[in-house]
Amino acid sequence: METAMAPKAQPAAPAGSASPPPPAPARRFRTDRIAVPWWFVLPALAFFAFAVLVPSARGAVYSFTDWDGLARSSSFVGLEHYRSLLSDSGARDALVHTLLIAFSVTVVQNAVGLLLALGVNTRIRSRNVLRVFFFAPAVITPVVTAYLWKYLYAPEGAINAALDALGLGLLTQSWLGDSDLALWSVVAVIVWQFSGYSMVIFLAGLQSIPREIYEASDMDGAGPVRRFWHIVRPMLAPAFTINLMLSLIGGLKLFDQVWVMTQGGPGGATDTLSTVIYREAFQFNAFAYSTAMAVVLTLFVIVLSGVQYGYLGRQERNS
Amino acid sequence: MSKKLLAPAACLAAALALTSCSGGDGDDAGNAVTVTANSTDRVPVDAVVAAFQEANPGIEVTVTYADTDQLQSTLRTQLSSGTAPDVFTVWPGNGNPAALQLLAPGGFLADLSGAGFASRIPEGDRPVTEYEGSTYIVPVTYSGIGVIYGKEALAALGAEEPATWSELIELCGTARDEGVSLLALGNQTPWVTQLVTYALAATTVYTDTPDFDERMAEGETSFADSGWKAALEQYLEMEEEGCFNDDPLGTSYEASVSSVAQGRAVGLVQVATTLSQVQSEAGDAELGMFALPATDDADQTLMPGSVSAAYGLNAESADSEAAMAFVEFLGSPEGQDIYATEGGTLTALPDEERETDPALTTLTDYQGQGRTVPFMDQRWPNPRVQQTHFTVVQQLFAGDITVDEALAEMDAAYRTE
């Protein structure tokens with residue numbers, strides 16, 4: 001942004017000057033080329049600042065007050081809420097759940113997505129149908145899929161019924177009622193829904209690899225594993241970066257599916273930072289405290305995704 | 001103006017135009033009333049509004065419906081920003097973000113003590129309809145918590161309504177032997193977890209300590225040192241005795257209702273307002289309701305029963321005659337009757353001439369005999385206690401904590417500032 005705006009900051013002629021010296025043609029051409037796109041971006045940027053940046057910044061300010069979301073005034077309490085967070089066992093548990101979800105979703109969703117992409121990148125006849133089939137869940141609203149899975153996971157739902165019908169009654173579970181299992185049941189739904197999304201991004205990366213490189217590796221006698229490791233994997237680095245970033249951030253701020261399927265239960269076993277933030281704000285009237293939690297979550301997202309982006313960026317350059 | 005300044009100036013003008021569009025309340029029409037209500041009350045509210053407008057053709061009432069969570073969060077935002085509707089749902093007593101005891105102290109509700117209905121509010125309901133001795137809400141329905149059951153299903157077990165704890169436990173076994181559950185329980189849905197405890201605590205706590213809430217407020221007792229311990233222990237005993245369906249933690253509220261309607265369970269412990277939903281799924285099946293016994297002395301049994309739905313008048317609309325007229329209509333015998341009839345509940349303001357649903361006879365009897373106690377959360381000082389109750393019941397059913405630990409957590413939540 002600074003680079004783009006820099007030309008605008010060049011000293012201009014003082015207002016009222018009779019005949020300012022005309023800028024060099026080359027320089028003027030460059031300035032206009034940079035400035036014009038910014039004027040187009042400005043309305044969207046202004047709206048983004050109005051709807052997201054300013055409210056977020058103002059929200060962060062509330063985290064240093066005792067505002068309850070209703071009172072017309074509030075008092076400054078400094079870092080009190082941040083200190084309380086350190087001793088809040090519920091928030092700590094929610095943080096652990098959030099990290100478990102984020103990392104497991106990131107790993108499994110992308111592994112499945114990559115396998116699906118490799119599968120539908122072959123010449124099998126049904127590849128187009130399969131691509132649509134695998135991608136379809138990603139276009140459904142998460143709340144809707146969560147409700148559907150809530151019914152599938154019910155004690156007498158389709159999953160347990162199917163297991164019973166297959167003579168696998170011993171494998172029937174209380175998918176959302178068992179506090180040891182509920183978190184992973186939620187993770188499974190997210191993986192199911194968004195693996196197709198990862199697949200599409202990987203597929204785009206796969207299709208950008210020139211066929212000549214595959215043919216050359218065939219001539220060199222490389223098998224499928226070696227070809228994947230030494231050709232496909234490095235050339236998919238940008239796709240890996242995008243997918244891993246999106247799934248990590250999505251996992252860290254997960255709310256919808258958890259709220260619909262378990263509301264954080266049973267007994268807080270699936271609470272995430274987002275569900276706790278919601279509950280503190282809208283059920284406990286602790287708006288300022290919940291804002292402090294939101295700030296911490298934001299910092300987590302920034303730090304983790306920043307570290308991940310830095311690492312993956314280096315991998316991309318090395319590739 | 002130079003071309004360089006034209007674009008930013010235009011943007012600024014557009015931004016100012018946008019902000020000016022949102023300024024001002026523009027709602028000073030004297031014959032318009034805005035109402036926000038819980039979406040679960042859509043049918044009765046629509047009926048009341050239609051009747052009100054027929055009687056007051058010059059007044060236009062606009063209703064917005066929202067689910068409980070959305071309503072509570074939006075209402076708080078609207079109140080703090082001065083954009084709240086004239087009349088809106090307010091929860092009696094305390095215990096949730098849009099409850100009377102949280103809104104009245106902030107000056108957001110108009111004092112309704114001078115309204116015609118105020119003097120007709122039963123003495124037992126005043127603690128949850130008043131703040132510092134003044135009435136701030138118009139109660140419209142009265143509800144209770146008990147066992148809603150299918151009469152045919154119970155008769156098929158060769159049994160009658162259990163009047164004592166021993167009879168209840170015995171009936172649980174009988175039902176199990178017949179391949180059904182006596183009670184469907186959907187503890188996956190957090191708010192459902194509280195109902196059995198409330199139904200038991202009404203007797204285990206308030207029979208011996210009718211002033212329990214006052215003593216809690218004074219710090220003279222605690223959940224751990226009260227009948228709450230017996231209530232939670234008996235809740236778990238019911239689970240052990242097979243009173244409930246398998247896997248209550250994996251069963252939702254909706255599934256529990258369907259379970260009764262489809263005959264997999266004889267009944268369920270629920271608020272009376274659920275009766276209409278069970279009936280709609282169960283078709284012509286005849287339903288009944290009885291108080292959940294908690295001791296072997298039937299005369300000791302009490303029932304949770306309290307004002308359920310209520311409305312408040314925005315303090316900023318206190319001068320609006322139209323809004324006040326609508327509130328008065330809600331408190332009138334006609335308004336109460338329409339609301340309760342369409343909602344399948346009882347009127348909050350007693351009306352001896354009114355015919356009630358036979359299934360609610362037990363509740364009206366208990367109400368008339370003064371054998372009801374307000375819903376417990378309505379007397380708790382903050383919403384955290386109720387949420388903690390939800391959580392600990394789920395943890396108890398998961399076997400993650402003990403009853404003593406559960407009560408300690410509830411006590412800690414009660415004392416939270």
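Guide: Let's start with a word: a residue is buried if 20 or more other C-beta atoms, placed from the backbone, lie within 10 Å of its own (12 or fewer makes it exposed, and in between it is partly exposed). Helices (H or I, at least four residues) and strands (E, at least two) are DSSP runs, numbered from the N terminus. Now for the case here: ten of the ten residues of strand 7 (residues 141-150) of chain B are buried, so this strand is largely enclosed by the rest of the structure.

Visitor: Where does this model come from, and how are things numbered?

Guide: It's a predicted model, in which local features need pLDDT of at least 70 and side-chain atom pairs count only at pLDDT 80 or more, while totals for chains, interfaces and linings use all residues. Residues are numbered from 1 along each chain as its sequence is written, and chains are lettered from A and ligands numbered from 1 in the order in which they are written.

Visitor: Back to strand 7 of chain B: over how many bridges does it pair with strand 9 of chain B?

Guide: Two strands pair if DSSP finds at least two bridges between them. Strand 7 of chain B and strand 9 (residues 265-271) of chain B share five bridges, in the antiparallel sense. Ile148(B) has Leu268(B) of strand 9 as its bridge partner. Ile148(B) also stands opposite Met289(B) in strand 10 of chain B. That strand, residues 287-290, runs antiparallel to strand 7 of chain B, with four bridges joining the two.

Visitor: And which residue is the partner of Tyr142(B)?

Guide: Tyr142(B) is bridged to Leu346(B) in strand 13 of chain B. Strand 13 (residues 346-347) of chain B is antiparallel to strand 7 of chain B, over two bridges. Ser143(B), for its part, faces Ser306(B) in strand 11 of chain B. Strand 11 (residues 303-307) of chain B is another antiparallel partner of strand 7 of chain B, with three bridges.

Visitor: In what order do the strands of the open sheet in chain B come?

Guide: Five strands of chain B form it, in the order 2-1-3-12-6, with mixed pairing. Strand 2 (60-66) and strand 6 of chain B are the edge strands, each pairing on one side only. From one strand to the next, the twist averages 20 degrees (axes are lines fitted to C-alpha atoms, for helices over the stretch in contact, and angles run from 0 to 180 degrees between N-to-C directions).

Try tracing it from one edge. Strand 1 (residues 32-38) of chain B runs parallel to strand 2 of chain B, over seven bridges, and Asn38(B) stands opposite Ala66(B) in strand 2. Helix 2 (residues 42-55) of chain B packs on the sheet and touches strand 1 and strand 2 of chain B; its direction makes about 175 degrees with that of strand 2 of chain B.

Visitor: What about strand 12 of chain B: are its residues buried or exposed?

Guide: Buried! Ala310(B) and Gly312(B) point one way from strand 12 (residues 310-313) of chain B, Tyr311(B) and Leu313(B) point the other way, and all are buried. Gly312(B) has Phe88(B) opposite and Ile137(B) opposite too. Strand 3 (residues 87-89) of chain B pairs antiparallel with strand 12 of chain B over three bridges, and strand 6 (residues 137-139) of chain B is joined to strand 12 of chain B by three bridges, also antiparallel.

Visitor: How do I describe two helices that meet?

Guide: Two packed helices are described by the angle between their axes and the distance between the axes. Look at helix 8 (residues 193-204) and helix 16 (residues 383-398) of chain B, whose axes come within 9 Å and cross at roughly 100 degrees. They are therefore roughly perpendicular to each other (65 to 115 degrees; under 35 is roughly parallel, over 145 roughly antiparallel, and the rest oblique). Thr193(B), Gln194(B) and Thr197(B) are the residues from helix 8, meeting Gln386(B), His389(B), Phe390(B), Val393(B) and Gln394(B) of helix 16.

Visitor: How many residues of chain A are in contact with chain B?

Guide: Contact requires C-beta atoms, placed from the backbone, within 7 Å. By that rule, 26 residues of chain A are in contact with 29 of chain B. Helix 2 (25-62) and helix 13 (273-282) of chain A each supply at least two residues of chain A's side, and helix 2 of chain A gives the largest share, four residues.

Visitor: And what is the secondary structure of chain A?

Guide: Chain A comes to 14 helices and zero strands. Of its 319 residues, 33% count as buried.

Notes. Two residues are in contact if their C-beta atoms, placed from the backbone, lie within 7 Å.
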